[in-house]
Amino acid sequence: MVILEGLSRVAPWASARAQRRLSELESVLAGQDAAEVVRTVTGTLGEHRRAFDEEGVVLYAGTNTMSPRALAVHEAAVSSRPSMGWPGEKFQAGLEHLDVLETLAPLRMASLMDGEFAEVRLQSATLANLACYTAFARPGDTIAVLPEAAGGHASHHAQGVAGVRGLRVVDLPYDAAGFTIDHALLPGFLRRERPAIVVVGASLMLFPHDVAAVRAACDEVGATLVYDASHVAGLIAGRRFQRPLADGAHILTMSTYKSFGGPPGAAIVTRDEELAARVSAAAYPGLTANYDAARLAPLAVTAAELAETGPAYADACMAAALALARALQGAGFTVAAADLGWTASHHVAVDAAAFGGGDEAARALAAGGVYLSGIGLPCQPPGEPMRGLRIGTQEITRRGFVPDQMGAVAELMARILIKGEDPAAVLPDTAALRRSVTGGR
Ligand SMILES: *Cc1c(COP(=O)(O)O)cnc(C)c1O
């Protein structure tokens with residue numbers, strides 16, 4: 001049979017690669033009755049659980065597994081009950097029990113993240129960033145963000161919610177070799193561009209930002225400084241890496257499910273009551289009406305746990321990252337930022353140019369049960385496809401992996417990418433390594 005492009009019913013506008021996959025699935029899945037759909041979905045969830053939770057070595061930086069106590073309080077039934085408005089004046093009567101969650105979660109999040117106020121109702125960090133753009137900028141204003149090659153997230157850029165808000169996006173001056181903002185150029189740049197908002201924080205964060213220096217430059221032009229802690233929130237909760245709000249960020253936005261290890265969703269934290277009130281109004285009734293109160297139970301539990309175990313967890317994540325960077329270098333990989341000590345976080349970046357780029361390399365590793373993603377590297381020329389592989393050690397740390405096992409992880413990756421072994425032949429060894437690690441935190 002000849003498969004023609006443009007035949008996907010789900011997304012006939014998608015890329016050729018996506019359409020091939022979609023149309024292959026569509027031909028099997030179309031026309032199932034309810035019982036068949038239930039069987040299909042149940043089987044899919046089981047396969048996914050086995051591949052990722054039981055037999056996968058998950059090095060994807062934007063993921064995690066919730067703690068047993070957080071998982072135990074995540075109740076799907078609560079998600080289907082709408083909740084709208086502040087405790088004490090809910091649109092719906094009789095939600096006093098949920099008021100407890102809605103009070104506990106922001107209290108715990110605000111203190112854990114070093115702030116005074118936390119907005120926890122938004123479903124994603126993308127929406128958290130949009131809430132900030134809504135509160136602190138008007139359409140036509142300028143926003144200065146990290147370049148995409150330096151990990152600037154889609155939600156900072158024109159194709160994402162900065163564009164949705166109608167903002168003019170400019171890239172902050174960046175020192176690619178130093179993996180940092182170019183602080184010599186920053187003050188003059190901000191005086192010229194006059195942004196309403198400056199966003200630091202990115203999808204690859206090997207090293208902390210000099211937040212105090214960025215804040216000083218922002219103050220000269222009256223810009224609001226947003227620190228997007230989506231990836232490093234778990235380290236900050238553990239009082240490691242850096243303290244963005246103490247160092248001068250006006251606002252911290254974050255994903256609650258990456259290194260933080262809570263349920264999917266977002267938080268926005270600040271020490272400033274006036275800024276908090278504006279963000280809150282942007283969140284509700286601006287960007288949400290009813291919100292998912294079920295998230296707040298595992299969020300409160302995760303925050304309470306991190307207040308106790310966060311320092312040890314953050315230390316373990318960072319020790320694993322350093323050990324893995326060293327092991328990968330030893331196995332023949334080119335690890336980014338070698339002259340800077342590779343990493344000061346739970347992230348590691350590998351130059352994958354020799355393996356066809358980050359996406360190709362990630363696909364090969366996935367076939368061997370090692371899951372991660374591509375990432376742009378700051379040194380790559382504009383237009384080159386993502387050249388790096390991004391690794392995060394937060395999930396394997398929670399699963400119970402320790403630095404001594406990073407040599408074995410690097411060896412799996414080297415067998416597939418450097419020695420060119422068939423990933424299918426490596427897969428059983430990946431599963432065996434994963435199954436040998438038990439008793440995570
Ligand atoms: C993942 C990420 C986001 C978006 O988070 P979602 O919850 O997926 O919307 C925003 N900013 C940065 C830097 C991220 O890495």
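User: How many salt bridges does the count come to in this structure?

Analyst: This is a predicted model, in which local features need pLDDT of at least 70 and side-chain atom pairs count only at pLDDT 80 or more, while totals for chains, interfaces and linings use all residues. Residues are numbered from 1 along each chain as its sequence is written, and side-chain values use heavy atoms, with hydrogens and water left out. A salt bridge is a side-chain nitrogen of Lys or Arg within 4 Å of a carboxyl oxygen of Asp or Glu. By this rule the number of salt bridges is 23.

User: Which residue forms a salt bridge with Arg191, and where does that partner lie?

Analyst: The closest N and O atoms of this salt bridge, which joins Arg191 to Glu220, are 2.7 Å apart. The pair links distant parts of the chain, 29 residues apart, with Arg191 in helix 8 (residues 186-193; helices, H or I of at least four residues, are DSSP runs numbered from the N terminus) and its partner in helix 9 (residues 211-221), namely Glu220.

User: Is Arg191 buried or exposed, or in between?

Analyst: Buried means under 20% relative accessible area and exposed over 50%, with partly exposed in between (1.4 Å probe, protein chains only). Because its relative accessible area is 42%, Arg191 counts as partly exposed.

User: Which residue forms a salt bridge with Glu274?

Analyst: The partner lies with Glu274 in helix 11 (residues 273-287), 4 residues apart, which is about one turn of the helix. The closest N and O atoms are 3.0 Å apart, and the partner of Glu274 is Arg278.

User: What is the distance of the polar contact that joins the side chains of Ser8 and Glu26?

Analyst: Ser8 lies in the segment before helix 1, and Ser8 is buried because its relative accessible area is 3%. A polar contact is a pair of N or O atoms within 3.5 Å; within protein, one must be able to donate a hydrogen and the other to accept it, and residues adjacent in sequence count only if both atoms are side-chain atoms. Between the side chains of Ser8 and Glu26 the distance is 2.8 Å.

User: How far is an oxygen atom of the ligand from an N or O atom in the side chain of Tyr257?

Analyst: Tyr257 is among the residues that come nearest of the 13 around the ligand (near meaning that a heavy atom lies within 4 Å), together with Thr126, Asp228, His231 and Lys258. For the side chain of Lys258, an oxygen atom of the ligand is 3.0 Å from an N or O atom. For the side chain of Tyr257, the distance is 2.8 Å.

Methods: Helices (H or I, at least four residues) and strands (E, at least two) are DSSP runs, numbered from the N terminus.
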